Amino acid sequence: MPHSSSNPPHASVQSTQIVQTDLRRLFEDETGMDFSGARQARLMHAIDRVLARRRPQVSWEAFALLAPERPRLLEEVTAELTVGESFFMRNEGHMQALSNRVLPALIEENADKQTLRMWSCGCAAGEEPYSLAILVDQLLEGDPAWNVSILGTDLNPAFLQKASTGLYRPWSFRQTTICQDARYFIPEKQAFRVQPRIQRSVRFNYLNLVKDVYPSPLNGTLGLDLILFRNVAIYFKPEVTAEILARLRMALRPGGWLLLGETEVSNAATDGFEVHRLPQATFFRKPMDAAVEVSPIGAPLRVRVAGAPGRSGSSDLPEWYHTPEWCELPFAAQSEPETATKPAVPVQSNVPLPAVNGSLQKVRELLSVADLQGAQRALGDCLRREPLLIEAHLLQAGLAEDQGHLDIAEQAYRRALYLDRNHALTHFHLAMIQQKQGQQAESDRSLGIAMKLMDGRDPAELVEYGDGVCYGRLRELALLLQGASA
């Protein structure tokens with residue numbers, strides 16, 4: 001039986017306190033949340049609930065020994081600690097400010113290129129990004145000439161799975177009647193399904209704001225017009241929130257907007273933003289004359305974490321880096337990958353990330369100012385000059401997925417794997433693409449190849465062309481994807 005946080009059997013009070021302290025530090029490092037004081041008891045209760053669902057059940061002490069399962073357990077506990085409850089058009093004042101002021105301004109500014117790119121951080125089950133898609137559609141009057149891309153991210157795979165179905169019960173509409181609008185919803189038994197036209201403009205991906213790399217063109221978090229970061233910072237330590245907000249500012253294009261939750265506005269460190277106090281909401285805007293903020297390669301959040309397994313001490317960088325949201329197999333996918341991969345070479349956290357091709361750096365700079373068409377042209381020119389440049393094919397895949405073209409993204413990943421069929425990250429992202437397209441058997445196979453290629457790699461070693469992800473974090477993400485398909 002799992003140990004109760006109040007009276008765990010077979011453990012002294014002192015040993016229990018040590019275990020609790022270790023678990024608290026683990027979760028603070030993994031999530032950036034604050035579990036000091038009374039919050040520690042809440043964490044222990046959440047761990048109890050998750051471990052009680054395991055068959056066979058395990059104890060707190062065994063938790064740290066479940067290396068293959070621990071990433072999944074960490075995410076399950078985090079899900080217990082966060083509120084997944086949301087609803088459409090939440091916070092009427094925010095919706096009015098978006099509809100009356102911010103979105104019309106963005107539409108006017110982007111009228112020449114007819115593109116809008118937005119991000120809902122901590123999207124839960126998807127009500128927020130779909131609400132945003134509906135507001136935009138109402139303002140554009142359904143104009144098909146516009147390319148609207150809305151990214152919803154969360155660290156709860158169960159929430160993301162529900163969001164991807166686009167099916168909601170009446171409780172999700174408790175403060176709006178939008179479900180009765182046939183332009184946006186289809187009645188289905190006792191629920192309502194998002195119209196496919198609207199659903200195509202929204203995509204959902206896993207992203208941990210503390211452990212994963214952003215902004216990055218590979219996961220669609222660069223050059224954004226609008227970011228919604230509502231009721232998420234309440235979970236984090238102030239210093240972690242400050243780091244996240246600095247990252248979100250970099251993710252916005254010059255003139256891009258950020259919206260926080262009502263309770264977070266007064267406490268957030270919003271250096272580098274213009275404050276716009278509208279009647280219904282307070283927004284933060286990146287100055288139009290802001291310098292281009294794009295590093296050669298993405299980097300993880302700089303918060304303290306425990307040393308990786310096999311290493312001592314701690315680093316100023318997170319233990320793992322992030323892998324973007326791509327996937328799958330090479331052209332010659334019928335054959336198994338070579339098992340003799342490059343030998344694992346320990347890489348210290350202070351080793352500089354590899355340089356990016358100059359043409360690709362130009363692509364990143366164009367994306368950072370939301371010049372999507374210019375970025376695509378520059379990328380096309382780069383590929384015509386250097387067709388064997390793997391990074392260019394990966395970036396092409398990321399851009400295609402960002403626009404909802406999963407078939408084009410898959411082709412680009414296959415071209416990358418044709419050039420290097422032993423690239424675990426590309427197999428992983430191809431697995432994600434296949435899963436999104438309902439190709440579960442192919443996805444499982446791609447994921448299996450990725451896992452095989454990661455065997456024996458040092459967790460701290462950076463993945464080549466990975467935009468800052470290391471093998472430790474990639475393995476964690478692969479285990480989570482594996483669990484989602486189980």
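## Helix packing, burial and backbone oddities

In helix 12, the residues Ile 390, His 393, Leu 394, Gln 396, Ala 397, Gly 398, Ala 400 and Glu 401 meet Leu 406, Ile 408, Ala 409, Ala 412, Tyr 413, Arg 415, Ala 416 and Leu 419 of helix 13. Here contact means heavy atoms within 4.5 Å, and helices (H or I, at least four residues) and strands (E, at least two) are DSSP runs numbered from the N terminus. By class, this contact has 11 nonpolar, 3 polar and 2 charged residues; Ala, Val, Leu, Ile, Met, Phe, Trp, Tyr, Cys and Pro count as nonpolar, Asp, Glu, Lys and Arg as charged, and the others, Gly among them, as polar.

Heads-up: this is a predicted model, where local features need pLDDT of at least 70 and side-chain atom pairs count only at pLDDT 80 or more, while totals for chains, interfaces and linings use all residues. Residues are numbered from 1 along each chain as its sequence is written, and side-chain values use heavy atoms, with hydrogens and water left out.

**Exercise 1.** Work out how the axes of helix 12 and helix 13 are arranged.

*Solution.*
- Step one: the two axes come within 8 Å and cross at roughly 165 degrees. Axes are lines fitted to C-alpha atoms, for helices over the stretch in contact, and angles run from 0 to 180 degrees between N-to-C directions.
- Step two: helix 12 and helix 13 are therefore roughly antiparallel. The cut-offs are under 35 degrees for roughly parallel, over 145 for roughly antiparallel, 65 to 115 for roughly perpendicular, and oblique for the rest.
- Step three: the crossing is left-handed, meaning the near helix is turned anticlockwise from the far one by less than a right angle (clockwise would be right-handed).

**Exercise 2.** Do the same for helix 13 (residues 406–419) and helix 14 (residues 424–436).

*Solution.*
- Step one: these axes come within 10 Å, crossing at roughly 155 degrees.
- Step two: that pair is therefore roughly antiparallel too, and its crossing is left-handed.
- Step three: helix 13 brings Leu 406, Ala 409, Glu 410, Tyr 413, Arg 414, Ala 416 and Leu 417 to the contact, and helix 14 brings Thr 426, His 427, His 429, Leu 430, Ile 433, Gln 434 and Lys 436.
- Step four: sorted by class, the contact has 7 nonpolar, 4 polar and 3 charged residues.

**Exercise 3.** Find which residues of helix 12 and of helix 13 are buried.

*Solution.*
- Step one: buried means under 20% relative accessible area, exposed over 50%, and partly exposed in between (1.4 Å probe, protein chains only).
- Step two: helix 12 is mostly covered, with 11 of its 13 residues buried. Among them are Ile 390, Leu 394, Leu 395, Leu 399 and Asp 402.
- Step three: the buried set of helix 13 is Leu 406, Ala 409, Glu 410, Ala 412, Tyr 413, Arg 414, Ala 416 and Leu 417, and what covers it includes helix 12 and helix 14.
- Step four: for the chain as a whole, 57% of the 486 residues are buried.

**Exercise 4.** Where is Thr 153, and what does Thr 153 touch?

*Solution.*
- Step one: Thr 153 is in strand 2 (residues 147–154).
- Step two: Thr 153 counts as buried because its relative accessibility is 2%.
- Step three: leaving out residues up to four places away in sequence, Thr 153 touches Trp 119, Ser 120, Cys 121, Gly 122, Cys 123, Leu 160, Asn 205 and Leu 207.

**Exercise 5.** Track down where the backbone departs from the usual: most residues other than glycine have a negative phi, and most peptide bonds are trans.

*Solution.*
- Step one: Asn 91 has phi near 70 degrees, a positive value in a residue other than glycine. Asn 91 is in the loop between helix 4 (70–81) and helix 5 (92–109), and at 19% relative accessibility Asn 91 counts as buried.
- Step two: Lys 189 is not a glycine either, yet has a positive phi of about 55 degrees. Lys 189 lies in the loop between strand 4 (185–188) and strand 5 (191–194), and at 84% relative accessibility Lys 189 counts as exposed.
- Step three: the peptide bond from Tyr 214 to Pro 215 is cis, with omega near 0 degrees. Pro 215 lies in the loop between strand 6 (202–206) and strand 7 (224–229).
- Step four: just after helix 12, Gly 404 takes a positive phi of about 85 degrees.
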